[in-house]
Amino acid sequence: MNKIIIESLSLQYSDGTESLRDVSLDIRQNAVTVLFGPAGGGKSTLLRCLNRLNDLTEVKSSAGRILIDGENILDPQIDVIALRRKVGMVFARPVPLPMSIRENIIYGLELAGEKRRAKLDEAVERSLKLAALWDEVKDRLDAPAIALSGGQQQRVCLARVLALQPEIILLDEPTSGLDPISTGKVEAALQELKKDYTIVLVPHSVQQAGRTADYAAFFLQGELVEYGEGKSIFTAPKEKKTEDYITGRFG
Amino acid sequence: MKRLLTLNRHLTERIGFTAITLLAMVTVLPIVGTIIYILIQGAPAISLEFLTGFPRNGMREGGIFPAIIGTLYLALGTSIFSVPLGIAAAIYLSEYASDTPLTRTIRIAIINLAGIPSVVYGLFGLGLFVLFLNFGTSILAASLTLSIMTLPVIISTAEEALRAVPQSFRTVSISLGATRWQTIRRIVLKEALPGILTGVILGLERAVGETAPILFTGAAFFLPKLPGSPFDATMALPYHLFVISTQVPEMPIQIQYGTALVLLAFVLTMNLIATVIRSRARARRQW
Ligand SMILES: Nc1ncnc2c1ncn2[C@@H]1O[C@H](COP(=O)(O)OP(=O)(O)OP(=O)(O)O)[C@@H](O)[C@H]1O
Ligand SMILES: [Mg+2]
């Protein structure tokens with residue numbers, strides 16, 4: 001089933017860069033969809049459209065529609081706060097908020113008005129377990145999140161998103177700063193999570209793209225070059241450009 | 001030859017360092033000297049009576065209690081107006097205003113306001129608060145005048161403190177479903193608070209030590225009792241110091257230095273508090 005339907009999406013930043021050009025893409029529910037391609041291809045821009053984070057940036061013009069569960073989220077009338085609770089995001093660099101591990105995780109829930117201690121505690125445990133971090137931090141939930149290792153911080157960031165029980169999780173090169181072991185843990189968590197969530201991942205390497213993708217979309221300079229099942233894209237790409245990129249001939 | 005050169009370079013470096021160290025000491029010397037001098041000259045005057053008594057015998061005897069209290073009132077009055085206003089303006093400039101000709105003009109105006117001589121603020125206060133708004137020579141008028149003088153300092157330091165909070169915190173908070181204002185209140189302000197407080201204290205410190213802005217707007221030469229309302233004039237330490245140093249013949253010198261010492265203690269204490277806040281916040285900061 002398609003969770004997200006992107007229809008002819010174009011976007012131009014205020015300095016004139018055309019970051020997305022007529023992109024159309026259907027993103028499946030309960031699967032990992034990977035957006036990959038060389039730097040400046042528009043992957044992050046697309047992710048930031050999906051939770052309207054681009055509202056914070058100066059965008060000159062945008063066109064097209066993004067339907068999530070049939071609703072056009074680019075409509076200025078929609079409730080963006082509710083959208084961002086439903087579409088969580090993990091960034092390339094782990095950014096723990098300047099507070100304890102626990103407070104980081106319940107931050108979004110508290111903003112949403114949840115005050116019951118039991119509910120919050122339950123959310124902390126559940127989301128930390130989902131992010132494969134519970135055993136490592138359960139005895140020091142009140143320690144500052146910044147005191148954790150980079151890999152642990154990134155899993156706190158993932159857990160923080162999971163605490164809100166979103167439906168879609170966007171991850172923008174979430175493992176770019178992590179060692180192979182932490183990377184493995186995050187990737188394993190994603191494979192678990194896709195059973196319940198729709199996952200859109202910008203991988204930090206072609207190898208990671210190959211390892212994780214159920215579906216893959218190749219972006220080049222703002223255009224979607226090729227889109228299909230991960231298996232077929234990485235073994236038998238249809239487009240020459242995709243093949244060149246995957247085999248390391250450019251990018 | 002080569003060894004001689006390295007030796008030479010070494011020597012030049014040593015001489016350079018020594019010269020710089022000496023120069024640094026030279027700049028510190030007058031400050032330390034002034035403080036020590038005032039301490040030595042003023043300490044004998046300090047007594048319980050001096051701190052809690054009224055001036056007697058044409059201010060040549062007794063204490064400076066009303067001036068101390070007056071200065072406290074002025075500091076309080078100034079902070080009531082300038083702190084909320086200054087912080088609000090800083091939040092607007094750092095968090096909401098985009099880079100337009102209007103906001104650029106506002107910023108330039110603020111920078112220039114900080115450079116205006118304080119006596120000009122005094123005259124402005126006289127015209128606006130004392131005469132036009134008819135507050136009279138009063139704590140209210142003086143506090144408002146001092147507020148206007150302090151605002152640029154508070155706004156610019158607070159804006160700087162807000163801008164120093166990493167942008168990524170804001171992005172993350174918004175992405176977790178926070179509104180802009182929730183983000184400011186729960187993250188940005190909390191992290192910027194030590195910096196803001198430092199600015200507030202430094203601004204107030206300047207206000208507390210100034211004579212010119214209160215000269216025409218709220219300071220009294222001598223009052224037999226403490227001010228009873230914001231509409232009363234008040235004695236204040238800097239003006240009192242000015243008065244007893246220039247307007248009263250045969251003034252005992254240690255009363256002048258005693259007053260100077262109390263004023264200095266005021267200002268240095270505020271400075272110390274600001275320093276402590278800053279260093280403690282830096283130690284605890286999580287970014
Ligand atoms: N805030 C912005 N303002 C102006 N231009 C931007 C902004 N963000 C991105 N761009 C431009 O948009 C284009 C696409 O950028 P984007 O970050 O989406 O690429 P990306 O595919 O994520 O690249 P990378 O692999 O380097 O992360 C680039 O040319 C970039 O310079
Ligand atoms: Mg990117």
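Is B:Leu39 buried, partly exposed or exposed, and what is its relative accessible area? The points below take up this residue and several other features of the structure, which is a predicted model.

1. B:Leu39 is partly exposed, because its relative accessible area is 46%, and partly exposed residues lie between the cut-offs of 20% and 50%. This leucine is found in helix α1 of chain B, which covers residues 2–42.

2. B:Leu39 also belongs to a nonpolar patch on the surface. The other members of the patch are B:Val28, B:Ile31, B:Val32, B:Ile36 and B:Ile40. Together, the residues of the patch have about 540 Å² of accessible area.

3. Helix α7 of chain B, residues 167–175, presents another picture: eight of its nine residues are buried, so the helix is largely enclosed by the rest of the structure. The buried residues are B:Ser168, B:Phe169, B:Arg170, B:Thr171, B:Val172, B:Ser173, B:Ile174 and B:Ser175. Just after this helix, B:Gly177 adopts a positive phi of about 90°.

4. B:Ser118 is found in helix α5 of chain B, which comprises residues 118–132. This serine counts as buried because its relative accessible area is 13%, and the cut-off for a buried residue is under 20%. Its side chain makes a polar contact, at 3.0 Å, with the side chain of B:Glu210.

5. Attention now turns to chain A and the ligand. Around ligand 1 there are 13 residues, of which A:Ser19, A:Gly40, A:Lys43, A:Ser44 and A:Thr45 come nearest. Sorted by class, this shell holds eight polar, three charged and two nonpolar residues. Helix α1 of chain A, residues 43–50, supplies the largest share of the shell, namely three residues.

6. Which residue places a polar side-chain atom 2.5 Å from an oxygen atom of ligand 1? The residue is A:Ser19. Two glycines approach the ligand through their backbone instead. A backbone N or O atom of A:Gly41 lies 3.1 Å from an oxygen atom of ligand 1, and a polar backbone atom of A:Gly42 is 2.9 Å from an oxygen atom of the ligand. The protein covers 64% of the 630 Å² of accessible area that ligand 1 has on its own.

How values were computed. Residues numbered from 1 in each chain as written. Chains lettered and ligands numbered in written order. Predicted model: local features only at pLDDT ≥ 70, side-chain atom pairs only at ≥ 80, totals over all residues. Heavy atoms only, no water. Near = heavy atom within 4 Å. Polar contact = N/O pair within 3.5 Å; in protein donor to acceptor, adjacent residues only side chain to side chain. Areas by Shrake-Rupley, 256 points an atom, 1.4 Å probe, with all protein chains shown as cover. Helix = DSSP H or I, 4+ residues; strand = E, 2+ residues; numbered from the N terminus. Nonpolar A, V, L, I, M, F, W, Y, C, P; charged D, E, K, R; others polar. Patch = residues over 30% accessible without salt bridge, like charges linked within 9 Å, V, L, I, M, F, W, Y side chains within 5 Å. Salt bridge = Lys/Arg side-chain N within 4 Å of Asp/Glu carboxyl O. Buried < 20%, exposed > 50% of the residue type's maximum accessible area, 1.4 Å probe, protein only.
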